[in-house]
Amino acid sequence: MPGTARAANVPTVIDVPEHLAASLERFNGTAGRDFAARLPGLAAAFLDRWDLRLDGPCLHGVCALVLPVVRRADDTPAVLKLQLVDAETAGEPTALRRWDGDGAVRLLGHDEPTGTLLLERLDHTRGLGRVPDSRAAVLVVAGLLARLTATPAPASLRRLGDIAYAMLDRTPRALDRVPDPRHRRLLADCAAALREVVTEPGDRLLHWDLHYDNVLAADRAPWLAIDPKPLSGDPGFELLPALRNRYDPAETRWRFDAMTDALGLDRARARAWTLARVLQNCLWDIEGGRPPELEHLDIAGSLRDHGPAGPRPPVGPGPAGPIRPTGPSLPT
């Protein structure tokens, strides 16, 4: 197993970005700070172990460092992803193996002890978040979700049922800390909706975090998903990121209807699981000493009163979305 010491024949290759180091410490405390300190050695060790060469400046998200690389053996472009292993990230290689490139980035290598991943390289300069037409972007996400959630989840993944029952246990204490009676009532309604579906949590392979910036263009497909935080559950639990990101209150119900149509979901059940997802995010806010995010509450209010009746919106052609990334619409 590669350790934190630099490989003998590989120089120090990276400086850890300050924003990444700060977010690692913010979300993971001492473990995050220690991981940031180990990153240069880990990167050097895996470049050596997997015979990779750097092929561009490093990139990062909130808690992961991504290095563009080329596999020397066959000149395959790839990315080396270094991240802390936790309950959310532990299942990423399992999910990527199960999808095997169908709708998601392809896994090329995995080191289980450190959680390090070697992934197919996509085009980070052409993300779905840059597509100006928000409705077109929603349909791309819907098409990808339809493909990804068609797969049964491996038994080893965390389960939505366990998460849901834990949320219901935490809700009474959290509600006592919400001073606004309207917000308290709305979150109680979210919990009531969850109680209606909690005994049937589903068994599909969920991405859990498919927002627009987690969709990138590729040569082999118009769009592919990245960065899953997978679990086993009902696809209705997948919809909130596409409602909350690029938030537009005038589009909330349209987006919900478009996604439930593309996934073939029962709208009442999907609404209950989406309200449950709002509850999950609001519980994190409350338990972290913050008020519930108003956008989440607005989405819950809009969907709580949104009945199943009404015409279905058009969902556009193709299972992976109606638009292909091209230069003029995606400035780099």
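**Exercise 1. Place Asp100 and describe its backbone and exposure.**

Solution.
Step 1. Asp100 sits in the loop that joins α2 (92-99) to β5 (107-111).
Step 2. The model is predicted. In this model Asp100 has a positive phi of about 50°, although it is not a glycine.
Step 3. For comparison, most residues other than glycine have a negative phi.
Step 4. The relative accessibility of Asp100 is 53%. The cut-off for exposed is over 50%, so Asp100 counts as exposed.

**Exercise 2. State how Asp51 and Ala73 are placed, and how far apart their C-alpha atoms are.**

Solution.
Step 1. Asp51 belongs to the loop between α1 (18-49) and β1 (52-54).
Step 2. Asp51 is not a glycine, yet its phi is positive, about 55°.
Step 3. Asp51 has 37% relative accessibility, so it counts as partly exposed.
Step 4. Ala73 is found in the loop between β3 (64-71) and β4 (76-83). With a relative accessible area of 72%, Ala73 is exposed.
Step 5. Along the chain, Ala73 and Asp51 are 22 residues apart. Their C-alpha atoms are separated by 7.4 Å.

**Exercise 3. Classify the packing of α5 against α8, and list the residues that meet.**

Solution.
Step 1. Helix α5 covers residues 181-197 and helix α8 covers residues 267-287. They pack at an angle of about 130°, with axes 8 Å apart.
Step 2. That angle makes α5 oblique to α8.
Step 3. The crossing of α5 and α8 is left-handed.
Step 4. On the α5 side the residues are Leu187, Cys190, Ala191, Ala193, Leu194 and Val197. They meet Arg269, Ala272, Trp273, Leu275, Ala276, Val278, Leu279, Cys282 and Ile286 in α8.
Step 5. Sorted by class, the contact of α5 with α8 has 14 nonpolar residues, no polar ones and one charged residue.

**Exercise 4. Repeat the analysis for α7 and α8.**

Solution.
Step 1. The angle between α7 and α8 is about 120°, and their axes lie 10 Å apart.
Step 2. That makes α7 oblique to α8.
Step 3. The crossing of α7 with α8 is right-handed.
Step 4. From α7, the contact uses Phe256, Asp257 and Thr260. From α8, it uses Arg267, Ala270, Arg271 and Thr274.
Step 5. The residues of the contact of α7 with α8 divide into two nonpolar, two polar and three charged.

**Exercise 5. Describe how α8 packs on α9, then say which residues of α9 are buried and what covers them.**

Solution.
Step 1. The axes of α8 and α9 come within 10 Å and cross at roughly 160°.
Step 2. An angle over 145 degrees counts as roughly antiparallel, so α8 is roughly antiparallel to α9.
Step 3. α8 and α9 make a left-handed crossing.
Step 4. α8 contributes Arg271, Thr274, Leu275, Val278, Asn281 and Cys282. These meet His296, Leu297, Ile299, Ala300, Leu303 and Arg304 in α9.
Step 5. By class, the contact of α8 with α9 has seven nonpolar, three polar and two charged residues.
Step 6. Helix α9 spans residues 294-304. Its buried residues are His296, Leu297, Ile299, Ala300, Gly301, Ser302 and Leu303.
Step 7. The cover over the buried residues of α9 includes α5, α6 (240-244), α7 (252-263) and α8.

**Exercise 6. Summarise the protein as a whole, and locate stretches where the pLDDT is below 50.**

Solution.
Step 1. The protein has nine helices and 11 strands.
Step 2. Of its 332 residues, 52% are buried.
Step 3. Take the contacts with a separation of 6 or more. Residues 24 or more positions apart account for 74% of them.
Step 4. The mean pLDDT is 90, and 89% of the residues reach 70 or more.
Step 5. Residues 1-11 have a pLDDT below 50. Beyond near neighbours in sequence, this stretch has 28 contacts in the model.
Step 6. The pLDDT is also below 50 over residues 309-332. That stretch has 57 contacts in the model beyond near neighbours in sequence.
Step 7. Where pLDDT is low, the predicted coordinates should not be read in detail.

Terms used:
Residues are numbered from 1 along each chain as its sequence is written. This is a predicted model: local features need pLDDT of at least 70, side-chain atom pairs count only at pLDDT 80 or more; totals for chains, interfaces and linings use all residues. Side-chain values use heavy atoms; hydrogens and water are left out. Axes are lines fitted to C-alpha atoms, for helices over the stretch in contact, and angles run from 0 to 180 degrees between N-to-C directions. Helices (H or I, at least four residues) and strands (E, at least two) are DSSP runs, numbered from the N terminus. Angles under 35 degrees count as roughly parallel, over 145 as roughly antiparallel, 65 to 115 as roughly perpendicular and the rest as oblique. A crossing is left-handed if the near helix is turned anticlockwise from the far one by less than a right angle, and right-handed if clockwise. Contact means heavy atoms within 4.5 Å. Ala, Val, Leu, Ile, Met, Phe, Trp, Tyr, Cys and Pro count as nonpolar, Asp, Glu, Lys and Arg as charged, and the others, Gly among them, as polar. Buried means under 20% relative accessible area, exposed over 50%, partly exposed in between (1.4 Å probe, protein chains only). pLDDT is the predictor's confidence in each residue, from 0 to 100.
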